[in-house]
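The following exercises practise the reading of a protein model with two chains. Please attempt each task before studying its solution.

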Amino acid sequence: MINARTIVPLLAALGLLVILPLFLSPNLLNAAIKMMIAALFALAFALAMGQAGMLSFGHSAYYGLGAFAALHLMRAVEHKLFGFPTPMIPLAGALIGFLFGLVFGWFATQRTGVYFSMVTLALAELLFTLAPTWNALFGGESGISTIRGPSWGINFGSDADVYYLTLGWFVVSAWCMWAFTKTPVGRLALALRDNEQRVRFLGFNTHVARTLIFAISCLFTGVAGALLAIANEAANYTIFSAQASANVVLQTFIGGAGTFFGPALGAMIMTFFARITSDLTRSWLLYQGLIFVLVMLFAPQGLGGLADLHARKVRTNGWKHLVAPYLLCLVVGLLLIAGLVFVVESIHVVLTDAYLAKRAAAKGEWVPYELFGQTFEPFSPVTWAIPIMLVAIGSTLLPVARRITARAWLAATRDVPDEPIAPSASAAPVAPPS
Amino acid sequence: MTRTIVAATCFAACLVTSVANAEPVKIALIESLSGGQAVTGKLFQSAVKYGLAKVEAEKAWPDGIKLLEYDNQGGPSEAADKLKAAINDGAQIIIQGASSAIGGQITADVQKHNARNPGKEIMWINVGAEAMEFTGPKCHFYHFRWNGNAEIRLKAMLIAMKDANALGTKVYIIGQNYSWGHDVQKLTRDYAKEYGYTIVGDVIHDVNKIQDFAPYVAKIKEAGPDTVVTGNWSNDLLLLMKAAGDSGLKARFLAYWIDQPGNIANAGDTADGHYTQSTFFPDANGEKTAAFAEDFKAKTGQYPLNVQGHVTHAMWGLGEALKALKAKPGDKLNVKALASAMENVTVDTSMGPIKMRSEDHQALVPLAIAVVSKDAKFKADNTERGFKTIKLLTGEQASSPVQPSCKMDRPKS
């Protein structure tokens, strides 16, 4: 499977990641660290979800356990109980993640489908409830904190050091997971997803296989948690929250659970999105939800699935047909988004306490409000004309853009044979409970 | 990097052109501004803005101050990211308070940053994280707590209720199963002798998971206490009060957080006669507090609620410390000097003077103890009920001793 066509872009990407810290601002460097951790978490989650069809709603449990394992190891080193090289600390997360994955997985994988999800959710909730009360282990409400010790002649004080540490573990872990999908057990995972009964009839102990795959997923989740602990040098019980589990599900689906790198892509994009937009608008959660809904409606195989589709179907010189229509689609999309954002942000501003106070001061009059550095009259036709115009133009162009894109797609993919789709590239599987 | 400067720009006009190129002191607010906890985050946000407006108007720092706002998305990990972003954006003072979980991350990060970047220190102004350990084992030179804590608040309520002959001799404790609930539980036991009561029962329950408190109330009823002490907040407090009301339990509640917005409206008559305390009630100190409340309402749209009193006072305290540095235009803020100044700062408020205690950086905050009543002058939540102050304690009266576990490491200067 490794050939020049895949290895060259991968090496180029790796090279780019290595020299990236030279160009990034400190904020973006920190963002890059968190994006890689999120990507690793999503990859590990997708190993169980995408490959073996096990939709876990409680992966934050192993993420958190990995983080706390790493923190306790770091604390032991900090208090000079024994020496341990800082770059190897994620091994603690891996070990704890794997062990708990085995134990919890043994219970959870007794069931499939939605029942499996519920068991994983319950196990994570168990930790979420337990953690704030178990002070010695989880440090109560404010958690435990420690400091990265210097080792191997590296200080590990700066973000750049942490970046390279994270990058190293990300690359090694991602490669291991990719290699795992090529092993017989990894292949078995696909078979389990598609038809567990048949696998059992072939003589495999499916429970053991599912437990093992789940535990390996938890192992890499633990590594991601440990990397987070190293980056933050602290953690508390909120790491076990259902929110964290839900986030990784969301990111994986946006990225596309059916492809190997899709989840990583989704996690990186959504982490970056949250980071940037949360300081720009208080409505960012609404936008995040909208992205999820739109992806599920129009590209259920996710962003990775879309990229994969293009890689397989578009002729070598087919892109020249697609560039212009895609630009048109982008313009239409931006128009519609701009209209929507204008309305949402206007409503948001008008409902803030500060605006309500201004209105109260003006005896209930609808005073002008500020948005994007401009002032708008709430009931002026000019104000309303902006979103109406944007949406009107956008929706008029939408059918046109769709028609043109469909035609261009046909032209771009003409004569490309419908090669049999590799199992790992099929659409996101959500196995109905059997 | 997209920088969020949703700053208090309305003061920009005050800046004379000659100092326009000088850098203002940047203050970062890191709170939950979106999602489920945004309601709490916004309480902090509006009080911080209101408090800093006065600091800026008084020209506490010659080159002005600038507030940067960051949304911590309710999680410590995101808060750590936003703290880094704030530092990179040039913030030297960090304000946070809505959660001890996030406070734990911030205080550790501030400490590490200062250890790694001598000469570029930052400080955390704690305006609400109440866990005892921030002024105990986790105390450090660059942390200042301007709000109360479990002990101060309990002591104040005990003093006031004892004076009003409302405490009784039998006390029951019900609390949430995490560090805050444990703190309250332990302290209530510790103070039993001093205030002459016995503990007739004691129960700890899951946090925000219980839908029906009737079994707990039945147990309380059986024990027959005069007073029930609870540090519960949010749903755990509401449902507890409702269950107590439904069962006809006669005991008074000594509840830390009845004054959280929405509680009075939701609890209705089951809240009547219960005791609570706050760093600010509009009727606590006659004309003075009323005037402050009216001014606050005129600027922000509502009377100061819950945490908003001490958040405002903390900003003024910061202003006093900045003034004490006697900086000239063009000076750069030295946070080490600011922290040294803040150690001994006193700020005058409508509630009385608030003094920072240098031993553990816990402010001695005046506390008002109130009873929920229909006779209250200022009504809460647009209902007919409100908080009627029965006693106002000065910061010294309400203060609790320095925790021996706090070993403050002062920089040598």
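Each exercise below consists of a task and a stepwise solution.

The model is predicted; local features require pLDDT of at least 70, side-chain atom pairs count only at pLDDT 80 or more, and totals for chains, interfaces and linings use all residues. Residues are numbered from 1 along each chain as its sequence is written, while chains are lettered from A and ligands numbered from 1 in the order in which they are written.

**Exercise 1. The contact of the chains**

Determine how many residues each chain gives to the contact, and which helix of chain B gives the most to its side.

Step 1. Apply the contact criterion: the C-beta atoms of two residues, placed from the backbone, lie within 7 Å. The contact then takes 36 residues from chain A and 37 residues from chain B.

Step 2. Assign the chain B side to elements, which are DSSP runs numbered from the N terminus: helices (H or I, at least four residues) and strands (E, at least two). Elements giving two or more residues include helix 1 (38-57), strand 2 (65-71) and helix 3 (100-116) of chain B. Helix 3 of chain B gives the most, with 8 residues.

Step 3. Sort this side by class. Ala, Val, Leu, Ile, Met, Phe, Trp, Tyr, Cys and Pro count as nonpolar, Asp, Glu, Lys and Arg as charged, and the others, Gly among them, as polar. The side of chain B that touches chain A has 12 nonpolar, 17 polar and 8 charged residues.

**Exercise 2. Domains**

State which domains are assigned in chain B and how many Å separate their centres.

Step 1. Domain bounds come from an automatic or database domain assignment. For chain B it gives domain 1 (9-148 + 288-364) and domain 2 (151-278 + 366-398).

Step 2. Taken over C-alpha atoms, the centres of these two domains of chain B are separated by 30 Å. Their contact takes 15 residues from domain 1 of chain B and 17 residues from domain 2 of chain B.

Step 3. On the domain 1 side, the largest share, 4 residues, comes from strand 12 of chain B.

Step 4. Chain A is treated in like manner: its assignment gives domain 1 (4-301) and domain 2 (314-415), with 35 Å between the centres over C-alpha atoms.

**Exercise 3. Two helices of chain B**

Find what span is expected for helix 10 of chain B, and why this helix is described as largely enclosed.

Step 1. The expected span is 1.5 Å times one less than the number of residues. Helix 10 (residues 308-324) of chain B has 17 residues and should span 24 Å, which agrees with the 24 Å between its end C-alpha atoms.

Step 2. Burial is judged by other C-beta atoms, placed from the backbone, within 10 Å of a residue's own: 20 or more means buried, 12 or fewer exposed, and in between partly exposed. Because 14 of the 17 residues of helix 10 of chain B are buried, this helix is largely enclosed by the rest of the structure.

Step 3. Consider helix 2 of chain B, with 13 residues: its first and last C-alpha atoms are 18 Å apart, close to the expected 18 Å. Of its 13 residues, 12 are buried, including B:Leu83 and B:Ala86.

Step 4. Inspect what follows each helix. B:Lys326, after helix 10 of chain B, has a positive phi near 50 degrees, and B:Gly90, just after helix 2 of chain B, has a positive phi of about 100 degrees.

**Exercise 4. The largest nonpolar core**

Identify which residues touch the most other members of the largest nonpolar core.

Step 1. A nonpolar core is a set of buried Ala, Val, Leu, Ile, Met, Phe, Trp, Tyr and Cys residues joined through C-beta atoms within 7 Å. The largest has 126 residues, of which B:Ala28, B:Ala86, B:Ile94, B:Met123 and B:Ile125 touch the most other members.

Step 2. Helix 4 (residues 150-163) of chain B gives the most to this core, with 8 residues. Both domains of chain B contribute residues, so the core lies between them.

Step 3. Leaving out residues up to four places away in sequence, the contacts of B:Met123 include B:Ile94, B:Val110 and B:Leu338.

**Exercise 5. An unusual backbone angle**

Decide whether A:Lys80 is buried or exposed.

Step 1. A:Lys80 lies in the loop between helix 3 (60-78) and helix 4 (90-108) of chain A. Its phi is positive, about 60 degrees, although A:Lys80 is not a glycine.

Step 2. A:Lys80 has 8 C-beta neighbours inside 10 Å and therefore counts as exposed.
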